[in-house]
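Q: Hi! I'm new to this and would love some help finding my way around a protein model. Could you walk me through it?

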Amino acid sequence: MTDSVKLQELAKKYGTPLFVYDGALMLERYYDLFRFISTDALRVHYALKANYNPALLALLRDAGAGIDAVSPGEVELALALGFDKDRIIYTANNMTDAEFDRVMRTGVTVNIGSLSRLKKCAVSHPGSRICLRFNPDVCDGDNAMTMTGGDLTKFGILLDDADEAKRIADSGDLHIIGLHEHTGSGLQHVESVLKSMDNLMAIATPERFGELEFLDFGGGFKVPYRDDEARVDYVEMGRQITDKFNAFCETYGKKLLMRFEPGKYLSAECGTLIVEVNTIKHNRSRVIAGCNSGFPQLIRPVLYGAYHKITNLSNPDGVPGVYDICGNICETGDRFAEQREIPEIREYDLLAIGNAGAYCYSMGSVYNLRPMPAEAVLKDDEVISFTPAETDAELVKRVLRK
Ligand code: LLP
C-alpha cells in the first residue's frame with residue numbers, strides 16, 4: 001500500500017473518497033512473474049476486468065503485457081490504448097452472434113468455451129484461427145462464486161469432449177492455435193494450478209491438436225489480503241510450472257508459448273480506497289463508524305464476504321476499539337468491515353482500505369446515485385494521472401440522457 005503520509009497528502013489535495021493506485025508496484029508484480037517463471041516462452045495477458053484504469057493499462061502496455069478481454073468493450077478499449085491485436089485474447093462466455101462476429105473482424109484471437117459456439121464458428125467463419133477453452137475439472141478459488149472448474153461452472157468445454165471439439169473444428173477447417181483453461185480466482189492451493197495444467201496438457205496431443213502455438217493457463221494467482229496470510233512461494237511454484245511446461249513441449253515436439261492471465265496478482269495490492277469517517281454512532285452493542293463511501297464503490301466485502309485490511313491513517317496510535325465500518329448507502333448490509341479491531345476512529349478520520357486495486361472500481365456502480373470516486377495513479381510517488389469523480393450534476397444529466 002502507498003505510504004500513509006502520501007495517502008493523507010493526496011486525500012487533502014483531491015478530497016475523498018479517492019482510489020489511489022501505485023503503478024510502480026503493479027509493474028513490479030508484472031516483472032515478478034518473469035522471475036518466477038523463467039522461460040522466454042512466457043506471455044502475460046493482464047485480465048483487464050480487474051482494473052481498467054487507462055494509465056495503469058498504458059504502463060502494462062509499455063512493459064510488453066498482453067490483455068485478456070471478456071467483452072467487445074474490453075477488446076475495444078485495449079485496441080484504443082494501442083495493445084496490438086496479436087497481444088489480445090477475447091474470452092467471453094454466452095456471447096451473441098453479433099458480438100462474436102464483431103470481435104472476429106478485429107483479428108483478435110477468440111477463445112471459444114462451448115461446443116455450441118464452436119459449431120456456429122465452423123459454419124460462419126470457416127478456416128479461422130481460434131483458441132478453445134476447456135473446463136480444467138479442478139475446483140479452487142477464494143470463494144464459490146469465483147471457482148471456474150468442475151460441474152457447477154458455466155465455463156469451458158468438458159475435457160471429455162476434446163475429440164468432439166476436434167471433429168467440429170475440422171468440419172469448418174478451423175485452426176486450433178491455442179488451448180485455454182482458467183481454474184478460479186485467488187487459487188488457494190499450488191497443486192490446483194499444477195493439476196489444471198496437467199489436465200489441459202493431457203488433451204493437447206499433436207494427433208488431436210497439431211497446430212498449437214500456445215497453452216493459456218488463465219489467472220488466479222493469489223495475493224494476501226490479511227496481515228497473517230502467508231504469501232505463496234511463487235519461486236517454487238514457478239519452477240514447477242516451468243519444468244512441467246518444458247517437459248510437455250518436449251513430448252509435443254514443438255516449443256509453444258505459455259500464457260497466464262493474472263488480474264488480482266498485478267493490480268490488487270497496488271490500490272487503496274481512502275474514505276473519511278463522518279459519523280460515529282454508539283448503538284447498544286456496536287460502535288458504528290460511518291463513512292463517505294459505500295459498497296457500490298467497493299463491493300467485495302458485501303458480495304463475497306471478502307476481507308480488506310483497513311488502516312486508520314489519521315489516528316494510527318489510537319487505543320484499539322471494535323467497529324462496524326459502514327458506508328453511506330441505504331442498506332443495512334453496507335459494511336466494509338464488521339466488528340473490526342482498529343485504532344480509535346474519530347469523526348473526520350481518514351481510513352485506507354487496502355488491496356483495492358482489483359475488482360473494486362471495475363465492479364463499481366452508481367447505486368443510490370452516488371458517483372464513483374476519483375482515481376489517482378502514482379509512479380515513483382508522482383501522480384501520473386488523475387481522473388476526477390463525476391459530479392452529481394453530471395450524473396443526473398447522464399441519467400436524464402441530456
Ligand atoms: N482469465 C479468465 C478467463 C478469468 O475469468 C479471470 C477472472 C482471470 C483470467 C483473472 O483472474 P485473477 O487473476 O484476477 O484471479 N470479482 C472477483 C474475481 C472474479 C474473477 C473473474 N475472472 C473478485 O473480486 O474476487
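What follows is a chat about the ligand and the pockets of this model.

Q: Before we start, what kind of model is this?
A: Good place to begin: this is a predicted model.

Q: Cool. Where does the ligand sit?
A: The ligand sits in the largest pocket. That pocket has a volume of about 830 Å³.

Q: And which residues come nearest to the ligand?
A: There are 19 residues around the ligand, and the nearest are Ser185, Glu261, Arg300, Tyr304 and Tyr359.

Q: What is Tyr359 doing there, atom-wise? How far is its side chain from an oxygen atom of the ligand?
A: An N or O atom in the side chain of Tyr359 is 2.6 Å from an oxygen atom of the ligand. Lys264 has a polar side-chain atom 2.7 Å from a ligand oxygen atom. With Gly220 the backbone takes part: one of its N or O atoms lies 2.8 Å from an oxygen atom of the ligand.

Q: How much of the ligand does the protein bury?
A: The protein buries 92% of the 570 Å² that the ligand exposes when taken alone.

Q: What sort of residues make up the shell around the ligand?
A: The shell divides into 5 nonpolar, 8 polar and 6 charged residues. Domain 1 (23-266) and domain 2 (268-400) each supply at least three residues to this shell.

Q: Back to the largest pocket: how many residues line it?
A: It is lined by 33 residues, and Met145, Thr146, Thr148, Phe155 and His182 lie nearest its centre. By type, the lining has 12 nonpolar, 14 polar and 7 charged residues.

Q: Why does the largest pocket lie between the two domains?
A: Because domain 1 (23-266) and domain 2 (268-400) both give residues to its lining.

Q: New topic! What is the volume of the second largest pocket?
A: Its volume is about 270 Å³. Of the 14 residues that line the second largest pocket, Asp142, Tyr225, Glu229, Ala306 and Tyr307 are the closest to its centre.

Q: How do those lining residues divide by type, and which domains do they come from?
A: The lining of the second largest pocket has 5 nonpolar, 4 polar and 5 charged residues. Domain 1 (23-266) and domain 2 (268-400) each contribute at least three residues to that lining.

Methods. Residues are numbered from 1 along each chain as its sequence is written. This is a predicted model: local features need pLDDT of at least 70, side-chain atom pairs count only at pLDDT 80 or more; totals for chains, interfaces and linings use all residues. Side-chain values use heavy atoms; hydrogens and water are left out. A residue is near a molecule or strand if one of its heavy atoms lies within 4 Å of it. A polar contact is a pair of N or O atoms within 3.5 Å; within protein, one must be able to donate a hydrogen and the other to accept it, and residues adjacent in sequence count only if both atoms are side-chain atoms. Accessible areas come from the Shrake-Rupley method with a 1.4 Å probe; for residues, only the protein chains shown count as cover. On a 1 Å grid over the protein atoms alone, a cavity is a set of points where a 1.4 Å probe fits but cannot get out, and a pocket is an open set with protein on both sides within 12 Å along at least five of seven lines; lining residues have an atom within 4 Å of a point. A molecule sits in a cavity or pocket if more than half of its atoms lie within 2 Å of its grid points. Ala, Val, Leu, Ile, Met, Phe, Trp, Tyr, Cys and Pro count as nonpolar, Asp, Glu, Lys and Arg as charged, and the others, Gly among them, as polar. Domain bounds come from an automatic or database domain assignment. Grid points are joined across faces, edges and corners, and a volume is the space filled by probe spheres set on the points.
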